[in-house]
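Let's walk through this protein together, starting with the whole chain and then stopping at a few residues. Please keep the sequence and the 3D view open as you read.

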Amino acid sequence: MLLLPGFLRAQTTLSAGDVAILSINATNPDMFSVVLLKSISTGTVINFTDNGFTGTNTTGRTGEGFLTYTASSALPAGTILSWTNGMSITGTGWSSNAPT
């Protein structure tokens, strides 16, 4: 899984080490959880993908999915964000739209 901070749209700039992966399940149902190690403000966008990077390819593979989390309110460090395939994402901040 690759974490891609939402550039230019994020209210909080995230760097390596600001979010940690807690769990991943790639068997039906797919799911993962991350913990914020830095507080984020409203509107912060975090993009997740399971597209991989191979060799000298700096753009990554295609064909896998993207998930975007947009914070609807300020969240403190220690907040756990969880996603499960098939969950209702209405009102959760999660979106399956590819980042632009």
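The paragraphs below go from the overall picture to some individual side chains.

First, a word on what you are looking at: this is a predicted model. The protein averages a pLDDT of 82, and 76% of the residues score at least 70. Confidence varies along the chain: among the elements, strand β3 (residues 31-36) has the highest mean pLDDT, 95, while strand β1 (residues 2-5) has the lowest, 50. Over residues 5-10 the pLDDT is below 50, although this stretch has 14 contacts in the model beyond near neighbours in sequence. Where pLDDT is low, the predicted coordinates should not be read in detail.

Now for the overall architecture. The protein has seven strands and zero helices, so from the N terminus on you can read the order of elements as β-β-β-β-β-β-β. Of the 100 residues, 30% are buried. The exposed surface comes to about 6000 Å², and carbon and sulfur atoms supply 55% of that area. Take the contacts with a separation of 6 or more: residues 24 or more positions apart account for 62% of them.

A good place to zoom in is the pairing of β2 with β3. Strand β2 (residues 19-25) runs antiparallel to β3, and six bridges join them. One bridge to find on your screen pairs I21 with V34 in β3. Together, β2 and β3 form a hairpin with five residues between them. The loop between these two strands holds P29, and the peptide bond joining N28 and P29 is cis, with omega at about 0°.

Staying in β3, look at S33. Is S33 buried or exposed? With a relative accessible area of 8%, S33 is buried, because this value falls under the 20% cut-off. Leaving aside neighbours within four places in sequence, S33 is in contact with A20, I21, L22 and S23, and also with I80, L81 and S82. With S82 there is a polar contact as well, side chain to side chain, at 2.8 Å.

Next, move to T79, in the loop between β5 (66-70) and β6. Which residues does T79 touch, leaving aside its neighbours within four places in sequence? They are V34, V35 and L36. T79 also has a link to P76: the side chain of T79 reaches the backbone oxygen of P76 at 2.7 Å. Although T79 sits in a loop, T79 counts as buried because its relative accessibility, 17%, is under 20%.

The last stop is M87, found in the loop between β6 (80-84) and β7 (94-95). At 29% relative accessible area, M87 is partly exposed, because the value lies between the 20% and 50% cut-offs. Setting aside neighbours within four places in sequence, M87 is in contact with S82, T92 and W94. S82 may sound familiar: its side chain makes the polar contact with the side chain of S33. M87 also brings us back to P29, the residue of the cis peptide bond. Although M87 and P29 are 58 residues apart in sequence, their C-alpha atoms are 9.8 Å apart in space.

Definitions and conventions: Residues are numbered from 1 along each chain as its sequence is written. This is a predicted model: local features need pLDDT of at least 70, side-chain atom pairs count only at pLDDT 80 or more; totals for chains, interfaces and linings use all residues. Side-chain values use heavy atoms; hydrogens and water are left out. Helices (H or I, at least four residues) and strands (E, at least two) are DSSP runs, numbered from the N terminus. Buried means under 20% relative accessible area, exposed over 50%, partly exposed in between (1.4 Å probe, protein chains only). Contact means heavy atoms within 4.5 Å. A polar contact is a pair of N or O atoms within 3.5 Å; within protein, one must be able to donate a hydrogen and the other to accept it, and residues adjacent in sequence count only if both atoms are side-chain atoms. Accessible areas come from the Shrake-Rupley method with a 1.4 Å probe; for residues, only the protein chains shown count as cover. pLDDT is the predictor's confidence in each residue, from 0 to 100. Two strands pair if DSSP finds at least two bridges between them.
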